[in-house]
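Q: Please take a close look at one part of this structure, the second helix and what surrounds it, and set it in the context of the whole chain.

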Amino acid sequence: MENRLIPNRLRFYCRLFQNTVWTSFSHTARHTFATLTLASGATIDNVAKMLGHANVNMTRRYAKVLDSSIMRDMEVVAENMAL
């Protein structure tokens with residue numbers, strides 16, 4: 001009887017590990033997509049729709065603000081103030 005338990009436990013831990021890896025990959029992929037899409041100039045509203053979010057606040061969890069996008073926005077502000 002104990003000989004059967006070892007393969008069952010092994011299968012259980014393999015499934016658990018597989019689900020953990022997939023969940024981690026899925027989250028990382030969505031985070032990366034949101035970050036790169038925002039960095040390339042898309043609005044957060046559009047990215048929210050692309051990810052299927054009903055609320056922009058959910059998208060903000062995935063979207064990482066990049067230093068390059070902050071610098072780009074500051075340059076736009078500086079140009080507009082110079083006019």
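A: What follows begins with the chain as a whole and then turns to the second helix and its surroundings.

This is a predicted model, and the chain holds four helices and zero strands, which follow one another along the sequence in the pattern α-α-α-α. The mean pLDDT of the chain is 76, with 75% of the residues reaching 70 or more. Among the elements of the chain, helix H2 has the highest mean pLDDT, at 89, whereas helix H1 has the lowest, at 71. As a general caution, where pLDDT is low, the predicted coordinates should not be read in detail.

Of the 83 residues in the chain, 16% are buried, and the accessible surface comes to about 7100 Å², with 61% of that area belonging to carbon and sulfur atoms. When contacts with a separation of 6 or more are considered, those between residues 24 or more positions apart account for 44%.

Within H2, the buried residues are Val47, Ala48 and Leu51. Seen down the axis of H2, these buried residues fall within an arc of 105 degrees, and they therefore line one face of the helix. This can be set beside a general property of the α-helix, which has 3.6 residues a turn, so that residues three or four places apart point the same way. Just after H2 comes Gly52, which takes a positive phi of about 80 degrees.

Two of the buried residues of H2, Val47 and Leu51, also belong to the largest nonpolar core, whose six residues include Ala34, Leu38, Tyr62 and Ala63 as well. The elements that give two or more residues to this core are helix H1, spanning residues 2-39, and helix H2, spanning residues 44-51. In soluble globular proteins, nonpolar side chains tend to be buried together. Ala63, itself a member of the core, is in contact with Ala34, Thr35 and Leu38 once its neighbours within four places in sequence are left aside.

From the side of H1, Thr37 also meets this region, for, apart from neighbours within four places in sequence, Thr37 is in contact with Ala42, Val47 and Met50. Thr37 counts as buried because its relative accessible area is 13%, which is under the 20% limit.

Further along the chain, Asn57 has its place in helix H3, which covers residues 56-62. The C-alpha atom of Asn57 lies 9.5 Å from that of Ile44, although the two residues are 13 apart along the chain. Asn57 counts as partly exposed because its relative accessibility is 44%, and its side chain is joined to that of Arg60 by a polar contact of 2.9 Å.

Methods:
Residues are numbered from 1 along each chain as its sequence is written. Side-chain values use heavy atoms; hydrogens and water are left out. Buried means under 20% relative accessible area, exposed over 50%, partly exposed in between (1.4 Å probe, protein chains only). Contact means heavy atoms within 4.5 Å. Accessible areas come from the Shrake-Rupley method with a 1.4 Å probe; for residues, only the protein chains shown count as cover. A nonpolar core is a set of buried Ala, Val, Leu, Ile, Met, Phe, Trp, Tyr and Cys residues joined through side-chain atoms within 4.5 Å. pLDDT is the predictor's confidence in each residue, from 0 to 100. A polar contact is a pair of N or O atoms within 3.5 Å; within protein, one must be able to donate a hydrogen and the other to accept it, and residues adjacent in sequence count only if both atoms are side-chain atoms. The arc is that of the directions from the helix axis to the C-beta atoms.
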